[in-house]
Amino acid sequence: MFEEYKYKTELHAHTSPASMCSDILPEEMVRVYCEAGYKSIAITNHFMYDEQNSEEKITAYLKDFYKTAKLGKKAGLNVILGAEIRFSENVNDYLVYGIREEDLYEINSYLSLGIDTFYKKFKNDKNVILQAHPFRNNMSLASPQSLDGIEVFNMHPGHNSRIAFAARYARERNMLISAGSDFHHPNQHALCSIMTKEPLANSYELAEVLKNRAFVIDVSGYKIIPE
């Protein structure tokens, strides 16, 4: 089975300068994941509420994404659009897949309203909305009714994401799960991926794979089958 699932995808990665906390330029992002044998990466830069509700952050967000995608295409790496969003209500983060560039403007309009309203208004049959690293310090669990699932495996080495708690929580509620390296800094990449039978070309294909649980999780070479 593991031999059939051979295409590796990173689900959680941040480029600089779109994510101020990242030290990784688009050029470096593409280089390290190509060298690690990945077929695709999802760029999930931070997309947060600001009081001015400025659209300038969308321009900056897409500038990094387009640059990474262009470099990735030349190198044979599919670069997929995602987002890690944060509302005004707290410091929780949410991963959104199954989106296109135009959706960022709609997402921006909901950032002052909170996850419950966002899920009711934005959720459709093409996207997936997950709470990122919900068991880290200072996080609060969103209502399961306002989520499709949670990020169980977040392998950022600077945080304790309490993976065992997350796995049990998701299993007890039959929630969708995701897994990613949360790549921000040099020497931190390729810690965790999903592996699929076919290469993933875009955000909609990634969302569909997550919804169907049609993947294997790879954590530093250890394979895990999602339930």
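M20 sits in the loop that connects β1 to α1 (26–35), and in this predicted model M20 is exposed, with a relative accessible area of 82%. The cut-off for an exposed residue is over 50%. M20 and V79 are 59 residues apart along the chain, and their C-alpha atoms are separated by 20 Å. P17 also belongs to the loop between β1 and α1. Here the backbone has a feature worth a pause: the peptide bond joining S16 and P17 is cis, with omega about 10 degrees.

Before β1 (7–13) comes the segment that holds M1. Together with F2 and I225, M1 makes up a nonpolar patch on the surface, and the accessible area of these residues adds up to about 300 Å².

Moving from the surface to covered parts of the fold, strand β9 (residues 176–180) is a good place to begin. Five of the five residues in β9 are buried, so the strand is described as mostly covered. In a regular strand the side chains alternate between the two faces of the sheet. In β9, L176, S178 and G180 point one way, while I177 and A179 point the other way, and buried residues are found on both sides. The partner of β9 is strand β8 (residues 149–154), and the two pair in the parallel sense over five bridges.

Within this pairing, F153 of strand β8 has A179 as its bridge partner in β9. F153 counts as buried, at 13% relative accessibility. Beyond the residues up to four places away in sequence, F153 touches S178, A179 and G180, and the list of its contacts also includes I163, C192, I217, V219 and I224. For one of these, C192, the C-alpha atom is separated from that of F153 by 7.7 Å, with the two positions 39 residues apart along the chain.

Another buried position is found outside the strands. N92 is part of the loop between β5 (83–86) and β6 (94–97). The relative accessibility of N92 is 2%, which means that this loop residue counts as buried. Its side chain joins that of Y94 in a polar contact of 3.1 Å. With neighbours within four places in sequence set aside, N92 is in contact with I85 and R86, and also with Q131, M139 and S140.

Charged side chains offer a further view of the model, which holds 11 salt bridges. One of them joins the side chains of K123 and D148, at 2.8 Å from N to O. This pair links distant parts of the chain, 25 residues apart: K123 lies in the loop between α4 (115–122) and β7 (128–131), and D148 in the loop between β7 and β8. The two ends of the bridge fall into separate accessibility classes, since K123 is partly exposed at 25%, whereas D148 is buried at 16%.

A salt bridge also forms between the side chains of K211 and E208, here at 3.3 Å from N to O. Both residues belong to helix α6 (residues 203–212); because they are three residues apart, about one helical turn separates them. K211 is partly exposed at 23% relative accessibility, and E208 is likewise partly exposed, with a relative accessible area of 38%.

In the salt bridge between K223 and D218, the closest N and O atoms are 3.0 Å apart. K223 counts as partly exposed at 33% relative accessibility, while D218 is buried, with a relative accessible area of 8%. Elsewhere, E28, R31 and E35 are linked in a network of salt bridges.

Finally, two asparagines draw attention through their backbone angles. N138, in the loop between β7 and β8, has a positive phi of about 75 degrees although it is not a glycine. N138 is exposed, with a relative accessible area of 69%. N174, in the loop between α5 (163–173) and β9, also has a positive phi, near 55 degrees, in a residue other than glycine. At 61% relative accessibility, N174 counts as exposed.

Methods
Residues numbered from 1 in each chain as written. Predicted model: local features only at pLDDT ≥ 70, side-chain atom pairs only at ≥ 80, totals over all residues. Heavy atoms only, no water. Helix = DSSP H or I, 4+ residues; strand = E, 2+ residues; numbered from the N terminus. Buried < 20%, exposed > 50% of the residue type's maximum accessible area, 1.4 Å probe, protein only. Polar contact = N/O pair within 3.5 Å; in protein donor to acceptor, adjacent residues only side chain to side chain. Contact = heavy atoms within 4.5 Å. Patch = residues over 30% accessible without salt bridge, like charges linked within 9 Å, V, L, I, M, F, W, Y side chains within 5 Å. Areas by Shrake-Rupley, 256 points an atom, 1.4 Å probe, with all protein chains shown as cover. Salt bridge = Lys/Arg side-chain N within 4 Å of Asp/Glu carboxyl O. Pairing = 2+ DSSP bridges.
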